[in-house]
Amino acid sequence: MNHARTALYKACRRDLILSEESFQTLVKAAVYDPDPGFNRHFLEPALNAFGRGRVQASLLGYLRAGTDLERAGAANAWYWSALPLRMPTVRAEHPAATGPAEPDDASSVGAEWYETALREFVSNEHLDLRRCILPGLPLRKSAYPPELHDLVDAAVAIARSHPDEYIRHRVEHQVGD
């Protein structure tokens, strides 16, 4: 995996035109990368070539329908999906088909992501998945519509009573209103 990251990083430093087929390959590599600090090397070219909305929608698909491993990987990759677009020489082969990858590409997927992540955190007892979701999960009622406030309370209660110290510690830094 390290070799692939390095090769891709070097290729992104010069003109790189990505085919439509490379989109899923890059997102999948980011999801399956075991190191959440380095999965950005796969996600960043996809963001620049295909746009934030499309990348985030793909990650949301993994969170909704993936295996626990894929859900955890999508949660780790989600963090990087808000990166500023800094690779102007990385482009899609057919940009008209994918839409422009603009720096201010505001994604409507964010609210769906947070609701799905909240539901997954509450309903799925997989420890690694909960560990991956929690750092990016707002646990303030003000971040959600009123119909999800009970789920926020449930997530906070789960995290506070969880046997894993990491999860208990993280929730204390996120709880608000």
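How many nonpolar, polar and charged residues are in the lining of the largest pocket, counted by class? The second legend below gives the tally. Welcome to a set of close-up views of a predicted model.

**Figure 1. The whole chain, a protein of 10 helices and 2 strands.** Before zooming in, take a moment with the full protein chain. Read from the N terminus, its elements follow the order α-β-α-α-α-α-β-α-α-α-α-α. The protein chain has 177 residues, and 46% of them count as buried. Its accessible surface amounts to about 9200 Å², with 54% of that belonging to carbon and sulfur atoms. Among the contacts in the protein chain with a separation of 6 or more, 74% are between residues 24 or more positions apart.

**Figure 2. The largest pocket, with a volume of about 300 Å³.** Here we look into the largest pocket, which 16 residues line; the closest to its centre are Ala75, Trp78, Tyr79, Pro135 and Gly136. Three elements give two or more residues to this lining: H5, helix H7 (109–123) and helix H8 (127–133). And now the tally promised at the start: by class, the lining has 13 nonpolar residues, 3 polar ones and no charged ones.

**Figure 3. The largest cavity, holding about 40 Å³ of space.** How does one look for gaps inside a model? Rolling a probe the size of a water molecule over the atoms shows where empty space is left. Searching the whole structure turns up 1 cavity of 30 Å³ or more. The residues that line the largest cavity are Tyr9, Cys12, Arg40, His41, Glu44, Pro45 and Met87. At least two lining residues come from each of helix H1 (2–12) and helix H3 (40–50). H3 supplies the largest share, 4 residues. Sorted by class, the lining of this cavity has 4 nonpolar, 1 polar and 2 charged residues.

**Figure 4. Arginine 71, a residue of helix H5 (residues 68–78).** Is arginine 71 buried or exposed? Its relative accessible area is 14%, which is under the 20% limit, so arginine 71 counts as buried. A polar atom of its side chain lies 3.1 Å from the backbone oxygen of glycine 66. Setting aside residues up to four places away in sequence, arginine 71 touches Tyr62, Leu63, Arg64, Ala65, Gly66, Glu120, Asn124 and Leu129. Gly66 therefore appears twice in this view, in the list of residues touched and as the owner of that backbone oxygen.

**Figure 5. Alanine 72, also placed in helix H5.** This view moves one step along the chain. Alanine 72 is buried because its relative accessible area, 8%, is under 20%. Apart from neighbours within four places in sequence, alanine 72 is in contact with Asp128, Leu129 and Cys132. Proline 34 is 38 residues away along the chain, and its C-alpha atom is separated from that of alanine 72 by 10.0 Å.

**Figure 6. Serine 81, in the loop between H5 and strand E2 (90–92).** Which side chain joins that of serine 81 in a polar contact of 3.0 Å? The partner is glutamine 56. With a relative accessible area of 0%, serine 81 is under the 20% limit and so counts as buried. Not counting neighbours within four places in sequence, serine 81 has contacts with Leu43, Leu47, Arg52, Gln56 and Leu59.

**Figure 7. Alanine 154, a residue in helix H9.** Alanine 154 has a relative accessible area of 26%; this value lies between 20% and 50%, so the residue is partly exposed. Valine 122 is 32 residues apart from alanine 154 in sequence, and the two are 6.7 Å apart in space, C-alpha to C-alpha.

**Figure 8. Arginine 160, found in helix H9 (residues 149–161).** Our last stop stays with helix H9. Why is arginine 160 called partly exposed? Its relative accessible area is 43%, which lies between 20% and 50%, so arginine 160 falls in the partly exposed class. From arginine 160 to glutamate 172 is 7.8 Å in space, C-alpha to C-alpha, and 12 residues in sequence.

Terms used
Residues are numbered from 1 along each chain as its sequence is written. This is a predicted model: local features need pLDDT of at least 70, side-chain atom pairs count only at pLDDT 80 or more; totals for chains, interfaces and linings use all residues. Side-chain values use heavy atoms; hydrogens and water are left out. Buried means under 20% relative accessible area, exposed over 50%, partly exposed in between (1.4 Å probe, protein chains only). A polar contact is a pair of N or O atoms within 3.5 Å; within protein, one must be able to donate a hydrogen and the other to accept it, and residues adjacent in sequence count only if both atoms are side-chain atoms. Contact means heavy atoms within 4.5 Å. Accessible areas come from the Shrake-Rupley method with a 1.4 Å probe; for residues, only the protein chains shown count as cover. On a 1 Å grid over the protein atoms alone, a cavity is a set of points where a 1.4 Å probe fits but cannot get out, and a pocket is an open set with protein on both sides within 12 Å along at least five of seven lines; lining residues have an atom within 4 Å of a point. Grid points are joined across faces, edges and corners, and a volume is the space filled by probe spheres set on the points. Ala, Val, Leu, Ile, Met, Phe, Trp, Tyr, Cys and Pro count as nonpolar, Asp, Glu, Lys and Arg as charged, and the others, Gly among them, as polar.
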